[in-house]
Amino acid sequence: MMLQSNIKVGGIIGLSAYLPLAGENFLSEQNKGTPIFLGHGDADQVVFFLYGKQSAEKLSAAGADVKFSTYPGMPHSACAPELLEVKEFIKKHLSE
């Protein structure tokens, strides 16, 4: 998992995802400040919205730089607004 890497990564994108290994050491010191974008539909029938939201909260509490975006009515899929946010996240963090 990139969050546990001893190598600093430039950014992480998770769409309709969750943090299955939210144990004690899921975030290395090198990646505490790594920007993370998490997008999740509130109608996801595969990875429940609550799992994504709780994952974002756990990451934030551990010191991660997390942006969590919710897409009303979106199932386990993607939508144009979500992809636009991904594009902006990539542009912002690739240019740094």
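In this predicted model, A64 is in contact with L27, K32, I36 and L59, leaving aside residues up to four places away in sequence. A64 also belongs to the largest nonpolar core, a set of twelve residues. The other members of this core are L3, V9, I12, L19, F26, L27, I36, L38, A56, L59 and V66. At least two residues of the core come from strand 2 (35-41), and at least two come from helix 1 (49-61). Separate from this set is a second core, which has five residues, among them F37, Y71, M74 and F89.

Two helices and three strands make up the secondary structure elements of the chain. Read from the N terminus, these elements follow the order β-β-α-β-α. Among contacts in the chain with a separation of 6 or more, 70% are between residues 24 or more positions apart.

The overall dimensions were examined next. The C-alpha trace spans about 35 × 30 × 20 Å along its principal axes. The radius of gyration of the chain is 13 Å, which agrees with the value near 12 Å expected for a compact globule of 96 residues.

With respect to burial and surface, 35% of the 96 residues count as buried. The accessible surface of the chain amounts to about 5700 Å², and carbon and sulfur atoms contribute 59% of this area. The chain carries 8 positive and 10 negative charges, and the mean positions of the two groups lie 4 Å apart.

How values were computed
Residues are numbered from 1 along each chain as its sequence is written. This is a predicted model: local features need pLDDT of at least 70, side-chain atom pairs count only at pLDDT 80 or more; totals for chains, interfaces and linings use all residues. Side-chain values use heavy atoms; hydrogens and water are left out. A nonpolar core is a set of buried Ala, Val, Leu, Ile, Met, Phe, Trp, Tyr and Cys residues joined through side-chain atoms within 4.5 Å. Buried means under 20% relative accessible area, exposed over 50%, partly exposed in between (1.4 Å probe, protein chains only). Helices (H or I, at least four residues) and strands (E, at least two) are DSSP runs, numbered from the N terminus. Contact means heavy atoms within 4.5 Å. The radius of gyration is taken over C-alpha atoms; the globule rule is 2.2 Å times the number of residues to the power 0.38. Accessible areas come from the Shrake-Rupley method with a 1.4 Å probe; for residues, only the protein chains shown count as cover. Lys and Arg count as positive and Asp and Glu as negative; His and the chain ends are not counted. The place of a charge is taken as NZ of Lys, CZ of Arg, CG of Asp or CD of Glu.
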